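Let's take a walk through this protein together, beginning with the whole chain and ending at one pair of side chains. Please keep the 3D view open as you read.

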Amino acid sequence: MKIVAKVTISNSSFEDWSAFFDSYKEKRNEFVKNETVVKISDDEARVTFEIIDLEGLTLLSSSKEITSKEAELGVVTEIL
């Protein structure tokens with residue numbers, strides 16, 4: 001399943017979010033493939049990927065570690 005997501009960053013910059021996103025890339029790679037991140041602006045990114053394990057990705061994305069850091073950075077992800 002191919003997904004395109006819009007990431008809006010309100011309390012930080014693309015670079016801050018990107019560094020955080022990269023910090024758990026190896027974990028994500030267990031659940032997605034062909035991931036591409038494109039910087040749209042200082043407060044927006046577009047991420048495309050194919051899900052290979054939806055349940056695993058859902059558990060990872062909803063973990064306290066991820067959700068608390070996203071809240072701190074002001075990250076909102078919208079599936080397009």
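What follows is a short report on the overall fold, the surface and charges, and two residues.

## Overall fold

Please bear in mind that this is a predicted model. The protein chain contains 4 helices and 4 strands. If you trace the chain along its sequence, you will meet these elements in the pattern β-α-α-β-β-α-α-β.

How does the radius of gyration of the protein chain fit with a compact globule? For 80 residues, such a globule would have a value near 12 Å, and the protein chain agrees because its own value is 12 Å. Along the principal axes, the C-alpha trace spans about 30 × 25 × 20 Å. Contacts between residues 24 or more positions apart make up 66% of those in the protein chain with a separation of 6 or more.

## Surface and charges

Of the 80 residues in the protein chain, 34% count as buried. The chain exposes about 5000 Å², and 51% of that area is supplied by carbon and sulfur atoms.

As for charge, the protein chain carries 10 positive and 16 negative side chains. The centres of these two sets lie 2 Å apart.

## Glu50 and its neighbours

Now let's zoom in on Glu50, a residue of strand β3, which covers residues 44–51. Is Glu50 buried, partly exposed or exposed? Its relative accessibility is 26%, so Glu50 counts as partly exposed; the class runs from the 20% limit for buried to the 50% limit for exposed.

Leaving aside residues up to four places away in sequence, Glu50 touches Met1, Lys2, Phe31, Val32, Lys33 and Asn34. Take Val32 from that list: Glu50 and Val32 are 18 residues apart in sequence, yet their C-alpha atoms are 5.4 Å apart in space.

## Asn34, the polar partner

Which residue joins its side chain to that of Glu50 in a polar contact of 2.7 Å? The partner is Asn34, which is found in strand β2, residues 32–41. This pair therefore links a residue of strand β3 with a residue of strand β2, through a side-chain contact that falls within the 3.5 Å limit for polar contacts.

Asn34 is worth a look for its backbone too: its phi is near 55°, a positive value in a residue other than glycine. With a relative accessible area of 52%, Asn34 is exposed, whereas its partner Glu50 is partly exposed.

Note on methods:
Residues numbered from 1 in each chain as written. Predicted model: local features only at pLDDT ≥ 70, side-chain atom pairs only at ≥ 80, totals over all residues. Heavy atoms only, no water. Helix = DSSP H or I, 4+ residues; strand = E, 2+ residues; numbered from the N terminus. Rg over C-alpha atoms; globule rule 2.2 N^0.38 Å. Buried < 20%, exposed > 50% of the residue type's maximum accessible area, 1.4 Å probe, protein only. Contact = heavy atoms within 4.5 Å. Areas by Shrake-Rupley, 256 points an atom, 1.4 Å probe, with all protein chains shown as cover. Lys, Arg positive; Asp, Glu negative; His and termini not counted. Charge placed at Lys NZ, Arg CZ, Asp CG, Glu CD. Polar contact = N/O pair within 3.5 Å; in protein donor to acceptor, adjacent residues only side chain to side chain.
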